[in-house]
Amino acid sequence: MNSIVINCRTSNALLVPNPGSRSYEDMLNDGTKWSGFFTYDHLMNHILTNWRVSNCGGVARGLEPWVEGGAADTGNAGLVTIPVNGLAPEVQLISKGMQFDWPTVGGPDFVEESIFFAASGSDDIYSMQYQSNWEDADGSWTNRKVNTDTSTVMGAARAGAWWHLDLRPGKCETRDGWKFPQQLCDKDERKLASMFTVVMPQSGQQGSAVLNMIDPNTNARKTRQGSMTHFGLLGDSSLTTCMPPATCGDTTPRSWDPDLTGPFNHAQYGGWYLSFDEGTPVHLSIMKIQMEEGATMVQAMSLPSGTLASDVRIWAESSSRPYDFTLASSLEDVRNAVNGDQYFLDEATNTLFYRVIAGYVESDYSYGWISNNYLSSFTREGLTVTDTTSKNQIQIHIEISCPTDSTGAFCASKPEFVVPSMGCSDGEVMVAIDQCGLPCELLEEGCSTPPPSSSPTVTCVSCSDEPTSWMITEGYECATGPNWLINSKCNQAPYWVNNNYCEARCQSAGLGYHETSCCSSTI
């Protein structure tokens with residue numbers, strides 16, 4: 001939607017003459033009910049550009065405290081109203097180039113007021129209460145960091161840490177004055193993704209059929225299935241950690257509605273830890289994946305104590321064509337797998353790590369990212385809403401061999417709730433959902449400049465050029481390895497730093513582990 005004018009009240013007139021007698025027409029004269037933009041909840045791709053908003057503030061609505069003696073703002077409508085009783089919080093809203101006629105809406109404070117952003121519908125639906133989102137690509141919609149090339153991600157503040165992308169000062173803020181409070185954070189290099197996670201067997205094309213085995217009378221959208229937590233957080237294993245519309249902490253609950261939506265960039269750190277209240281699923285299928293090509297998403301879940309790697313099978317399926325993932329020797333190998341087709345079982349913690357991509361099994365049974373020929377992502381004015389794969393295009397199956405409960409859908413022995421750590425280097429801490437840094441980065445004053453070293457200058461050091469075990473497996477050498485690998489690792493990856501992998505190559509690429517240069521010969 002481009003070049004839209006929202007003029008809520010011409011000349012701030014408080015009433016629209018003869019609007020009609022039907023319910024929606026009656027709303028025009030009830031300032032507690034009407035909205036400037038009411039979004040939809042499912043399978044929409046909205047790119048909003050170059051809107052102009054005027055006469056939509058409290059005066060136009062005729063409400064207290066903007067109009068003395070006006071109606072109390074008891075309604076759940078706002079300039080933007082999000083339906084929170086819907087099915088699917090996919091990634092579907094992105095905007096830029098928005099303008100406000102500030103004098104007619106009450107000034108820039110309008111974007112902080114309760115009537116700016118609201119929610120409509122039952123407040124006990126998990127998915128939209130905790131996973132709804134919006135990308136403000138230039139800050140113009142929220143009037144946040146405008147003209148700074150900062151894209152802002154908005155996510156439901158009730159979700160707690162799920163949408164708190166960065167812990168460093170100035171990176172996030174909460175608009176808690178809105179009727180539907182939102183967490184606003186710098187997007188930086190992060191991505192947004194959405195998918196179905198279905199405990200098999202599935203009910204048609206939607207959620208799991210298992211809930212009906214447990215309680216045939218319950219509502220899937222209102223019934224908790226488990227939770228989601230970013231790596232590095234303590235997490236909360238309580239089955240009542242928070243229930244909508246309560247505000248959560250480290251851990252955010254999920255319902256039996258299969259949608260899973262959130263922020264990520266797991267190329268170096270971080271991941272999504274999924275827990276299931278009934279135990280480890282015997283068969284979990286990930287499908288209807290909405291993810292930008294090339295992005296790195298890591299997920300993890302806990303398995304029953306004593307589960308062996310031989311008890312795990314992860315495989316992809318496209319049009320009944322199977323492709324088996326391979327067992328890796330470390331989480332680092334899983335992150336580095338170009339096609340996201342490796343998994344790792346940490347038997348010390350009984351944690352299964354795996355990747356999710358919008359993949360495709362070709363007719364020759366090779367596997368990789370799905371071709372754009374099969375998808376039709378929506379792009380306009382430099383903004384893109386990524387398309388969602390179909391169930392037939394890709395399913396990622398995770399199967400666990402274990403004694404089962406009475407439903408046959410979960411392992412009988414329940415696992416421990418253990419959120420994976422960030423794996424930060426010594427002296428570093430988690431500073432964002434996907435980054436480690438110095439503890440001082442979390443302080444308002446930041447990190448002071450360290451004093452200059454008084455040690456004598458070293459002209460060069462002897463450098464090794466040892467590849468990682470994953471590189472050896474893939475046939476890569478440090479000297480000739482692909483640039484994309486070197487540029488994304490070296491001093492950008494603590495695992496490489498700690499082991500001085502490809503030291504000479506990294507140094508020559510300007511991504512070295514020390515300030516001095518490598519001597520002419522390596523060891």
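In this predicted model, the 30 positive and 60 negative charges of the protein chain have mean positions that lie 7 Å apart. The accessible surface of the protein chain amounts to about 22,300 Å², and carbon and sulfur atoms hold 49% of that area.

From the surface, the account turns to the overall form. The C-alpha trace of the protein chain spans about 85 × 65 × 45 Å along its principal axes. The chain contains 10 helices and 33 strands. Its radius of gyration is 25 Å, close to the 24 Å given by the globule rule for 523 residues, so the chain is as compact as a globular protein of that length. Of these 523 residues, 53% count as buried, where buried means under 20% relative accessible area. Among the contacts with a separation of 6 or more, 72% are accounted for by residues 24 or more positions apart.

Two groups of strands can now be followed by residue number. One group is an open sheet of 3 strands, arranged in the order E1-E4-E7 with parallel pairing. Its edge strands are E1 (5-7) and E7 (99-100), each of which pairs on one side only. Strand E1 runs parallel to strand E4, residues 52-54, and 3 bridges join them. To locate this pairing in the structure, start at Val5: its bridge partner in E4 is Arg52.

The other group is built around strand E20, which covers residues 312-318. This strand is mostly covered, with 6 of its 7 residues buried. E20 pairs with strand E29 (residues 395-400) in the antiparallel sense, over 6 bridges. It also pairs with strand E21 (residues 321-324), again in the antiparallel sense, over 4 bridges.

Trp315 is a useful place to look for both of these pairings. Its bridge partner in E29 is His397, while its bridge partner in E21 is Asp324.

How many residues lie between E20 and E21 in the hairpin that they form? There are 2 residues between these strands. Ser319 is in the turn, and its phi is positive, at about 50 degrees.

The two groups can be set side by side by their pairing. In the sheet E1-E4-E7 the pairing is parallel, whereas E20 pairs in the antiparallel sense with E29 and with E21.

Technical notes. Residues are numbered from 1 along each chain as its sequence is written. This is a predicted model: local features need pLDDT of at least 70, side-chain atom pairs count only at pLDDT 80 or more; totals for chains, interfaces and linings use all residues. Side-chain values use heavy atoms; hydrogens and water are left out. The radius of gyration is taken over C-alpha atoms; the globule rule is 2.2 Å times the number of residues to the power 0.38. Buried means under 20% relative accessible area, exposed over 50%, partly exposed in between (1.4 Å probe, protein chains only). Contact means heavy atoms within 4.5 Å. Accessible areas come from the Shrake-Rupley method with a 1.4 Å probe; for residues, only the protein chains shown count as cover. Lys and Arg count as positive and Asp and Glu as negative; His and the chain ends are not counted. The place of a charge is taken as NZ of Lys, CZ of Arg, CG of Asp or CD of Glu. Two strands pair if DSSP finds at least two bridges between them.
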